[in-house]
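User: Hi! I am new to reading protein models. Could you walk me through this one, step by step?

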Amino acid sequence: MELAVLLPIVAFIALAAGLAVVLRGTGRIVARTRELEHFKSAVRDLAARVDASLGGAAGQIDAVRRRQAGPETISDTLDASTDAVARYADEARNLRGPSSARRIRADLIAELERAERALGMVEHGATIMAAARRGSRELEAQTSIKRGYLNLLHARAAIARHALEAQDLEGDDLPEKAGRRVA
C-alpha cells in the first residue's frame, strides 16, 4: 500500500521538477528576446533622431558650401549639432543588448564620433571662411567645409545602415548555460 501512495507522489515531484527546468529555460529565452527587442527599439529611435539632427545640419552646411549662405549663418547649427551628436554618442555607449549587438553598438559609437569630427572640420572651415574671403586660406576653408560635409553625409548613411542591421538581429546568441540541460 505504501508503494501505491508513494509512487504517484514521486512521479508528481519529478514532473514538477522537469516543468521547473523548462519554465526556467523559457524565462531566459523570454528575457533575452525582451532585451533584444529593447535594443532594436533604442537603436531605431536613436538613428531617427540622429538622422533628423544631421539632416538639418547637412542642409545648412551644403548651403554654405555652395555659397548660398554665409559661413556665419551656421555657427549656431554647428554648436547645436555637435552638442547633440556628443549626447547621442553617450546614449549609444549606454545601449545594452545581447552579445551579438556589441559590434553594432561599437559601430554606432564610431560613426557618431566621426560625425562629431566632421562637424568640427566644418566649423574650422567656416571660421576661416568668415575671416579670410580670398587667397589660400579661402581654399583651405572650402576644402574643410567640403570634407566635413562629405564625412557628415557618410556618417549619417552608416548610422542608418547600422540601424537596419540592428533590426535584422536574431535572438540566436543565448549563452551556453541556457543551452545546457540542468539535471
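User: Where do the positive and negative charges of the protein chain sit on average, and how many of each are there?

Analyst: First, the general idea: Lys and Arg count as positive and Asp and Glu as negative, while His and the chain ends are not counted. The place of a charge is NZ of Lys, CZ of Arg, CG of Asp or CD of Glu. Here there are 28 positive and 25 negative charges, and their mean positions are 3 Å apart. Please keep in mind that this is a predicted model, in which local features need pLDDT of at least 70, side-chain atom pairs count only at pLDDT 80 or more, and totals for chains, interfaces and linings use all residues. Residues are numbered from 1 along each chain as its sequence is written, and side-chain values use heavy atoms, with hydrogens and water left out.

User: Thanks! How many helices and strands does the protein chain have?

Analyst: Helices (H or I, at least four residues) and strands (E, at least two) are DSSP runs, numbered from the N terminus. This protein chain has five helices and zero strands, so its elements read α-α-α-α-α from the N terminus on.

User: What radius of gyration does the protein chain have?

Analyst: The radius is taken over C-alpha atoms, and the globule rule is 2.2 Å times the number of residues to the power 0.38. For 183 residues, a compact globule would come out near 16 Å, but the protein chain has 27 Å. Along the principal axes, its C-alpha atoms fill a box of roughly 105 × 20 × 20 Å.

User: Which residues touch the most other members of the largest nonpolar core?

Analyst: A nonpolar core is a set of buried Ala, Val, Leu, Ile, Met, Phe, Trp, Tyr and Cys residues joined through side-chain atoms within 4.5 Å. Buried means under 20% relative accessible area, exposed over 50%, and partly exposed in between (1.4 Å probe, protein chains only). The largest core has 40 residues, and F39, I61, L95, L112 and L152 touch the most other members. Helices α1 (2–65), α2 (75–93), α3 (102–131) and α4 (136–167) each supply at least two residues of this core.

User: Is F39 buried or exposed?

Analyst: F39 lies in helix α1 and counts as buried because its relative accessibility is 1%. Contact means heavy atoms within 4.5 Å. Leaving aside neighbours within four places in sequence, F39 has contacts that include L95, I104 and A166.

User: And where does E111 lie?

Analyst: E111 lies in helix α3. With a relative accessible area of 13%, E111 is buried too. Beyond its neighbours within four places in sequence, E111 is in contact with A155, A158, I159 and H162.
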